[in-house]
Amino acid sequence: MTHPDTEQSHGYYMARAITLAKRGLYTTDPNPRVGCVLVKDGVIVGEGYHVRAGEGHAEVNALAQAQEQAQGATAYVTLEPCSHFGRTPPCSDGLIKAGVAKVVCAMTDPNPQVSGRGFEKLRAAGIEVIQGVLEDEARALNPGFVKRMETGMPFVRLKMASSLDGRTAMASGESQWITGSGARQDVQRLRARSSAIVTGIESILMDDSALTVREAELGLDKAVSELVSQKQPLRVVLDSKGRMPQRAKILQQPGTTIIAVKHGVQLHLPVETLALNHDQRGLDLDALLKELAFRGCNEVLVETGATLAGQFVAQGLVDEMVLYMAPCFMGSNARPTLALPFEKMSDKINVKIKDSRMVGEDIKLTLTFQS
């Protein structure tokens, strides 16, 4: 099936490039997820996506597939081709060398090292450039990378699990297995796409959580699962008083764990610590997120109890909340989803439901907070 060079065809091929980019959802970090399709005479002659950092970018992989057919082709790319030398050569140079005639791109790269320069280099070489095709869809591929480049902060996703009456744990703190296996698999995928997972010491003391991505529970293609499990997200525990047990599971896992403490607290454990300011609200969460962005973290997943979750929400630091609701009631003595001690109706926080769906027997709500 061929498609002539029209606005409609641009959308068709860009949609394919976006589909390809999604294959790197769990593996490209800290790089963005990018897809590329090469089209000549209405036929796809090459396509590729960025698999993981340090390996070929989407354009490189598509050009390798197209070989000499790239000459005179149109390249559809979800993100502006890079113009600088990083761990790999500039993709804009590769497209120029291959002799493509046109580049259709979804969005400008928000990276200040690149922004607009890739397009300038292509145009200087006589290549026609079209921008803004399915831009919103392309930005949605990389919420963390875009936000980090534009603001110096990561994209924060808060994950909570509750009963239908909005309870997350019994009064005793017992909380495990509120939701079913489908929701737990979905959470594994949230972890897998995240650069870092943040929790509080109370969650560690109560549940002895490992906070790892478990290959067997992802439910993904075996090759993808193996890639994902090789690179565990950074684990961050907020522990202002330094109460982390020496034998906690989280300290025995592959990958890196950081313990955030308040200034002056000494933690005598073989683990990296991060000293933060502390006030009546707790540790400085804003400073924590800036530090994670500095370390290259794009998407941060907060998995914690009601108190710390409420602090993230109250301080306006959550970009998206994923709430899994189990078909049960836990009663009025159980703990709330968020510790937000409001007293007046005017204190309420409004949310927008972006998505709702069933995951196994549980309801999954994806929410954003309205100002």
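Long-range contacts prevail in this predicted model. Among contacts between residues at least 6 apart in sequence, 68% join residues at least 24 apart. The chain holds 11 helices and 18 strands. Its radius of gyration is 23 Å, close to the 21 Å that the globule rule gives for 371 residues, so the chain is as compact as a globular protein of that length. The C-alpha trace spans about 70 × 45 × 45 Å along its principal axes. Of the 371 residues, 50% are buried. The exposed surface amounts to about 17800 Å². Carbon and sulfur atoms supply 49% of that surface.

Strand 4 covers residues 102-105. Both of its faces are covered. On one side, K102 and V104 are buried. On the other side, V103 and C105 are buried. Strand 4 has a parallel partner in strand 3 (residues 74-77), with 4 bridges between them. In this pairing, V77 stands opposite C105. Strand 4 also pairs with strand 5 (residues 128-131), again in the parallel sense and over 4 bridges. Here C105 stands opposite Q131. C105 therefore faces V77 of strand 3 and Q131 of strand 5, and its own side of strand 4 is buried, under the 20% cut-off for relative accessible area. The connection from strand 4 to strand 5 involves helix 4 (residues 117-124). Together, strand 4, helix 4 and strand 5 make a right-handed β-α-β unit.

Strand 15 (residues 320-326) shows a similar treatment of its two sides. All 7 of its 7 residues are buried. E320, V322, Y324 and A326 line one side. M321, L323 and M325 line the other. Strand 15 pairs with strand 6 (residues 155-163) in the parallel sense, over 7 bridges. Within that pairing, the bridge partner of S163 is A326. Strand 15 also pairs with strand 18 (residues 362-369). These two strands run antiparallel and are joined by 5 bridges. V322 of strand 15 stands opposite T366 of strand 18. Strand 15 thus has a parallel neighbour in strand 6 and an antiparallel one in strand 18, while both of its faces are covered.

Helix 11 spans residues 306-314. Its buried residues are A306, L308, A309, G310, F312 and V313. In an α-helix there are 3.6 residues a turn, so residues three or four places apart point the same way. Helix 11 is followed by G316. The phi of G316 is positive, near 70°.

The cysteines were examined next. The count comes to 0 disulfides. C82 is in no disulfide, and the nearest cysteine sulfur, that of C91, is 3.7 Å away. A disulfide requires sulfur atoms within 2.5 Å. The sulfur of C91 has its closest cysteine sulfur in C82, at 3.7 Å, and this is too far for a bond. C82 counts as buried because its relative accessibility is 8%. C91 is buried as well, with a relative accessible area of 3%.

Several backbone features lie in loops. Most residues other than glycine have a negative phi, and most peptide bonds are trans. The peptide bond from D29 to P30 is cis. Its omega is near 5°. P30 lies in the loop between helix 1 (7-21) and strand 1 (35-40).

Two residues other than glycine have a positive phi: Q67, near 55°, and D208, near 50°. Q67 is found in the loop between helix 2 (58-66) and strand 3. With a relative accessible area of 52%, Q67 is exposed. D208 sits in the loop between helix 8 (201-207) and helix 9 (222-229). At 28% relative accessibility, D208 counts as partly exposed.

Conventions: Residues numbered from 1 in each chain as written. Predicted model: local features only at pLDDT ≥ 70, side-chain atom pairs only at ≥ 80, totals over all residues. Heavy atoms only, no water. Buried < 20%, exposed > 50% of the residue type's maximum accessible area, 1.4 Å probe, protein only. Pairing = 2+ DSSP bridges. Right-handed = clockwise from strand over helix to strand, strands pointing away. Rg over C-alpha atoms; globule rule 2.2 N^0.38 Å. Contact = heavy atoms within 4.5 Å. Areas by Shrake-Rupley, 256 points an atom, 1.4 Å probe, with all protein chains shown as cover.
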